[in-house]
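Thanks for making the time this morning. I would like to take you through one protein model, going from the overall architecture down to a single helix, so please have the viewer open while I speak.

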Amino acid sequence: MSSGYNDAAGDYEQEHVHEVYQQIASHFSSTRYKPWPIVERFLRDLPSGSIGLDIGCGNGKYLAVNPNVFIVASDRSENLVKIASQHQPHATVVADNLSLPHQISCYDFAISVAVVHHLSNRPRRIQAIRAVLDTLRPQPQDERNPLGGKALIFVWALEQRTSRRGWGDGDEQDVMVPWVMKSSSNDHGVQSSKTFNRYYHLYHQGELEDDIVEAGGWVIESGYEKDNWWAIAGRPLRSA
């Protein structure tokens, strides 16, 4: 993969993902307060004392789900990390998913919720998944109740025919999704708005599992929930 190709993809994501979330952070955070059921279940089922990561933590809404675990939360947006830092005693850091500052092979768990789909080509999405998996304690792949670390990854689904978006098989997988931010009314009672377009790759059925395997992981469990594909993945002991 040429450096120019990656540079172009990085510049594209900077404009259509990172800069957008910097600008909409406060408004975005105000709409993100309820944990998704699968993520909540994953976090609540963790053993007490577990130490893990929330990669792409946004406003940190998952940090308060299980008070018996400790989470190091990271996001590329400084403004979102400032909001997430209010969830004590957890730690927060500004970090890029493709260049994580965490020690490898030592965490009990990681979550990556609605993050990987913002990477603009498959090699970068696989690299992002690999970066998540690398932080986990490796595990024997033949164990059905693995002793190693586990990662929960969520991505937007292409299959959303019953949602307001109406995407489905045959539609484009690489799309721009608008975020409309309205401002306060002026002295004349007129309210203005600004639209920001965010890049998304819409995953089709089975694609997330394929990317996890390509990244060197193995799929423990996977499914579909409310317009998203999700998978719980481990890192095989042989790849340590």
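I will begin with the fold as a whole and then turn to helix 2.

Please keep in mind throughout that this is a predicted model. The protein has 5 helices and 9 strands, and if you read along the sequence, these elements follow the pattern α-α-β-β-α-β-β-α-β-β-β-α-β-β. The radius of gyration is 18 Å, close to the 18 Å that the globule rule gives for 240 residues, so the protein is as compact as a globular protein of that length. For the outer dimensions, the C-alpha trace spans about 65 × 45 × 40 Å along its principal axes.

Turning to the packing, 48% of the 240 residues count as buried, and, among contacts with a separation of 6 or more, 64% are accounted for by residues 24 or more positions apart. The accessible surface comes to about 11900 Å², and carbon and sulfur atoms hold 48% of that area. As for charge, there are 23 positive and 29 negative charges, whose mean positions are 5 Å apart.

Now to the helix itself: which residues of helix 2 are buried? In this helix, which covers residues 37-44, they are I38, V39, F42 and L43. They cover an arc of only 130 degrees around the axis, which puts them on the same side of helix 2. What covers these buried residues includes strand 4 (109-113) and strand 5 (150-156), together with strand 8 (218-225) and strand 9 (228-234).

Key
Residues numbered from 1 in each chain as written. Predicted model: local features only at pLDDT ≥ 70, side-chain atom pairs only at ≥ 80, totals over all residues. Heavy atoms only, no water. Buried < 20%, exposed > 50% of the residue type's maximum accessible area, 1.4 Å probe, protein only. Helix = DSSP H or I, 4+ residues; strand = E, 2+ residues; numbered from the N terminus. Arc of directions from axis to C-beta. Contact = heavy atoms within 4.5 Å. Rg over C-alpha atoms; globule rule 2.2 N^0.38 Å. Areas by Shrake-Rupley, 256 points an atom, 1.4 Å probe, with all protein chains shown as cover. Lys, Arg positive; Asp, Glu negative; His and termini not counted. Charge placed at Lys NZ, Arg CZ, Asp CG, Glu CD.
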